[in-house]
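Colleague: Please take a close look at one part of this model for me. I would like the central helix packing and the sheet beside it, set in the context of the whole chain.

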Amino acid sequence: MGFQRIISWWPRARLLRQVHKALASTASTLPRARTLLNGSGVIIVPADPVEAALTALAIRDFCARLDCPVRLAGPPGSLRWIPDAPGTAPIEIPETLGGEPFSQWLGYHRAHRADWGLLVSPHPTPLEEACLAWLGAGTRFAALGACHSKAANVLIQTGAEASLDSRTRRLLRVLQPNLPALQERPATKSGPVLVEVPPNLSENGSKSKAWIRRIKTMANHHPILLAHSEALPSAIHDLARSYGPKIVLAHLSSAHEAQELARRSGRWVGSRTPAAALAALEGCRVHIVGGSNGAEEFPHPERLTISAKIDGLDLDMAV
């Protein structure tokens with residue numbers, strides 16, 4: 001038993017005990033036998049926003065081929081990066097739930113339980129497993145080895161894949177054999193260099209100062225498109241204004257905006273973020289500023305570079 005599994009055993013057992021208590025107080029009969037994915041369904045999207053983005057297009061293609069009603073469930077920070085989600089309002093799962101708040105959440109979503117549930121995350125948290133056990137009233141699917149509890153009652157064995165998109169599609173093809181592969185898009189050879197400012201940068205700090213230096217270096221060479229998904233630190237906002245038309249600001253408020261910018265950009269420069277993950281799925285050339293694992297499980301490795309340096313970037317592109 002790995003260390004992470006040991007330290008997560010107690011919260012997982014505590015949450016599942018609350019699920020079992022809620023089930024015992026639920027007056028209902030067992031769902032009648034159905035074919036696979038017949039009846040209502042719920043898909044638990046990964047709690048990690050980057051993993052959610054990396055599985056987003058596979059989930060989108062999967063839902064588009066379902067004839068039954070389906071809802072997504074996950075934290076707002078993950079649901080934000082799933083484009084073309086089903087029309088029904090998603091089920092929001094708070095980032096952390098424990099004790100009385102989780103019991104209240106179970107009661108609130110008692111009527112939202114579905115005939116089947118599907119856990120997509122390759123490394124589900126105890127909360128994700130507990131939510132699967134509650135929201136999936138009948139068949140509950142998960143990849144073999146993903147769950148460390150008995151939340152799932154149908155385990156699907158899949159082989160190793162280089163990217164999370166490929167692994168997710170292999171899992172989903174057990175349920176939807178005709179699910180297509182990730183659409184191949186030619187890399188854009190011309191277009192702006194987009195620099196994405198990492199979310200949640202502090203107003204003053206070493207990371208903020210490092211990004212200010214990078215932005216200055218790139219803007220001194222050529223105009224850039226400066227994108228952000230959260231509010232910009234005032235120092236970076238003031239820097240952008242001081243450069244005038246050499247820095248164009250763009251707010252990434254949705255997955256669709258990230259996809260559209262990725263299709264138009266010649267290069268996406270940023271850290272490991274959900275928007276960068278969507279850009280990689282779109283086939284944009286992505287430069288991850290960070291360690292060697294920054295682009296772990298990203299698709300199209302031939303279009304990825306990972307380095308803290310930006311001097312080698314092709315900057316002969318116009319905004």
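Modeller: A word on the whole first. The model is predicted. The protein has 319 residues, and 51% of them count as buried. It holds 11 helices and 12 strands. Among contacts with a separation of 6 or more, 60% join residues 24 or more positions apart.

Now the sheet. It is open, has 6 strands and pairs them in parallel. The strand order reads 3-2-1-4-5-6. Strand 3 (91-92) and strand 6 (154-156) form the edges, each pairing on one side only. Take the strand 6 edge. Strand 5, residues 136-143, pairs with strand 6 in the parallel sense over 3 bridges. In that pairing, Ala 143 stands opposite Ile 156 of strand 6.

Two helices lie across this sheet. Helix 3 spans residues 49-64. It lies across strand 1 (41-44), strand 2 (70-74) and strand 4 (114-119). Its direction is at about 160° to strand 2. Helix 6, residues 126-135, lies across strands 1, 2, 3, 4 and 5. Helix 6 runs at about 140° to strand 5.

Helix 3 deserves the close look. Besides lying across strands, it packs against helix 11 and helix 7. Start with helix 11, residues 274-281. The two axes are 8 Å apart, at an angle of about 25°. Angles under 35 degrees count as roughly parallel, so helix 3 is roughly parallel to helix 11. The crossing is right-handed. From helix 3, the contact uses Pro 49, Val 50, Ala 53, Leu 54, Ala 56 and Leu 57. Helix 11 supplies Pro 274, Ala 277, Leu 278 and Leu 281. By class, this contact has 10 nonpolar residues, no polar and no charged.

Next comes helix 7, residues 164-173. Helix 3 packs with helix 7 at about 35°, and their axes are 9 Å apart. This crossing, too, is right-handed. On helix 3 the contact residues are Glu 51, Leu 54, Thr 55, Leu 57, Ala 58, Ile 59, Asp 61 and Phe 62. On helix 7 they are Leu 164, Asp 165, Thr 168, Arg 169 and Leu 172. The class count here is 7 nonpolar, 2 polar and 4 charged. Compare that with the helix 11 contact, where no polar and no charged residues take part. Leu 54 and Leu 57 are worth finding in the view. Both belong to the contact with helix 11, and both belong to the contact with helix 7.

One last stop lies outside the sheet and its helices. Look at the loop between strand 11 (286-288) and strand 12 (304-306), where Glu 297 is found. Phi of Glu 297 is near 70°, a positive value in a residue other than glycine. His 300 lies in the loop between strand 11 and strand 12 as well. It has a positive phi of about 50°, although it is not a glycine. Buried means under 20% relative accessible area. Glu 297 therefore counts as buried, at 13% relative accessibility. His 300 counts as buried too, at 10%.

Key. Residues are numbered from 1 along each chain as its sequence is written. This is a predicted model: local features need pLDDT of at least 70, side-chain atom pairs count only at pLDDT 80 or more; totals for chains, interfaces and linings use all residues. Side-chain values use heavy atoms; hydrogens and water are left out. Two strands pair if DSSP finds at least two bridges between them. Helices (H or I, at least four residues) and strands (E, at least two) are DSSP runs, numbered from the N terminus. Contact means heavy atoms within 4.5 Å. Axes are lines fitted to C-alpha atoms, for helices over the stretch in contact, and angles run from 0 to 180 degrees between N-to-C directions. Angles under 35 degrees count as roughly parallel, over 145 as roughly antiparallel, 65 to 115 as roughly perpendicular and the rest as oblique. A crossing is left-handed if the near helix is turned anticlockwise from the far one by less than a right angle, and right-handed if clockwise. Ala, Val, Leu, Ile, Met, Phe, Trp, Tyr, Cys and Pro count as nonpolar, Asp, Glu, Lys and Arg as charged, and the others, Gly among them, as polar. Buried means under 20% relative accessible area, exposed over 50%, partly exposed in between (1.4 Å probe, protein chains only).
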